[in-house]
Amino acid sequence: STVDRRPSTDSDSPTHPLCLATHPPPPVLPGDGIGPEIMAVAIDLLNAAGAKEGEEFVFTEALIGGAAVDAANNPYPPETEAACKASDAVLLAAIGGYKWDDLPYDMKPEKGLLRLRASLNAFANLRPAVVLPQLADASTLKPEVVAGVDILIVRELVGGIYFGEPRGIEERNGERVGYNTDIYSESEVQRIARVAFEAARKRGGKLCSVDKANVLEVSRLWKETVQALGDSQYSDVELSHMFIDNAAMQLIRNPKSFDTIVTGNIFGDILSDEASMLTGSLGMLPSASISDDGPGIFEPVHGSAPDIAGQDLANPLAMVLSAAMMCRYGLDLPKVADRLEEAVTQVLDLGFRTGDIMQDGKEQIGCKRMGEELMKLV
Ligand code: IPM
Ligand code: MG
């Protein structure tokens, strides 16, 4: 969903009603699969937490992914793009499903997501992997290896091999060949590195830049550019560089050695899925994708889980935590974000679990009930 944050209409702020009048009602993107179920929970909580802080959110639904293909024959229709661009933030649930798997590439739900990211220039994808004490034994790794893990992956999201030209599949010498281009300019590397250095500064003060500079020129330029920026502007941040294969290994061997990681689009795609398994609960992980100047996109890391859609089994917590990231990074509403995050912590402390994070001795509940319990706590 895209979200328009309307300022509070407190009588001591006479300019606010004017703002209200000038803000067009904006949309919400529930997407496919479990999307609508988890989005409903997030919207209720945002409204409740916002009301307590004197903030009003206005939501309007827009279509993306498979739902948009079905309705408009386009995974990212122009109306959705216009609505997203006109809003303060875009809250997205999940896209995709078996139904659309065999469509041509440009009609796939995933293409809608990629176009959304590109159209908003949402270049900085922040993916935290935090092992909550309540869920430390959910990982397939030993609890002593993962307890206390708190990693932020900063993934470049609108460049690299995902978008590089030339790309294609064509006939050469009597057979088909497929090719893509991994490409980064210095300015693209600098802007993502800057976001990562700033984040590292506010966190543990350590930044690890991940590349494949022993083989790829694009990575050599990446590494040199990150190092130069660090030397000139962030000498207080402890910068290291690691090759992607080693980073993938160290992430499993000693995840606590990482604080903030910065990397390109495809390495970040892979490492963030890997990091999510340190927590053992993909259903808990939020993400933020922010740009320099326009609205950011806030979405859970998990997908649309078509196998459990419509059965009230989904875990809405990553969606709620994504709404919290929206408040913190997209709307500058840290108090609303705190309320949402604290509600999640408390609901876990009270022993409520959806099936994906169920543990012995806890109470297994569905998506709706999880929403109701959170509403009591927000
Ligand atoms: C992600 C997903 C997407 C990506 C897909 C669905 C296009 O894997 O957000 O990590 O590769 O970026
Ligand atoms: Mg991925």
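Select Cys327 to begin the tour of this predicted model: the residue is buried, with a relative accessible area of 0%. With Cys327 still highlighted, add Cys84, which holds the cysteine sulfur closest to that of Cys327, and the two sulfur atoms turn out to be 17 Å apart, too far for a bond.

Next, select Cys367, which also counts as buried, at 2% relative accessibility. From the sulfur of Cys367 the closest cysteine sulfur is the one in Cys327, and because 18 Å lies between them, they are too far apart for a bond. A disulfide would need its two sulfur atoms within 2.5 Å, and a search of the whole structure finds zero such pairs.

Now move to ligand 1 and display the residues around it, which are Glu110, Arg117, Arg127, Arg155, Tyr162 and Asp269. Colouring this shell by residue class will show five charged residues, one nonpolar residue and no polar ones.

Within the shell, pick out the side chain of Arg117, where an N or O atom is 2.7 Å from an oxygen atom of ligand 1. Then turn to Arg127, whose side chain likewise places an N or O atom 2.7 Å from an oxygen atom of the ligand. On Asp269, look for the side-chain N or O atom that is 2.9 Å from an oxygen atom of ligand 1. Taken on its own, ligand 1 has 320 Å² of accessible area, and the protein covers 73% of that.

To finish, hide ligand 1 and show the protein surface where the ligand was: the space taken by ligand 1 is the second largest pocket.

Key
Residues numbered from 1 in each chain as written. Chains lettered and ligands numbered in written order. Predicted model: local features only at pLDDT ≥ 70, side-chain atom pairs only at ≥ 80, totals over all residues. Heavy atoms only, no water. Near = heavy atom within 4 Å. Polar contact = N/O pair within 3.5 Å; in protein donor to acceptor, adjacent residues only side chain to side chain. Areas by Shrake-Rupley, 256 points an atom, 1.4 Å probe, with all protein chains shown as cover. 1 Å grid on protein atoms, 1.4 Å probe; cavity = no way out; pocket = protein on both sides within 12 Å on 5 of 7 lines; lining within 4 Å. Sits in = over half its atoms within 2 Å of the grid points. Nonpolar A, V, L, I, M, F, W, Y, C, P; charged D, E, K, R; others polar. Buried < 20%, exposed > 50% of the residue type's maximum accessible area, 1.4 Å probe, protein only.
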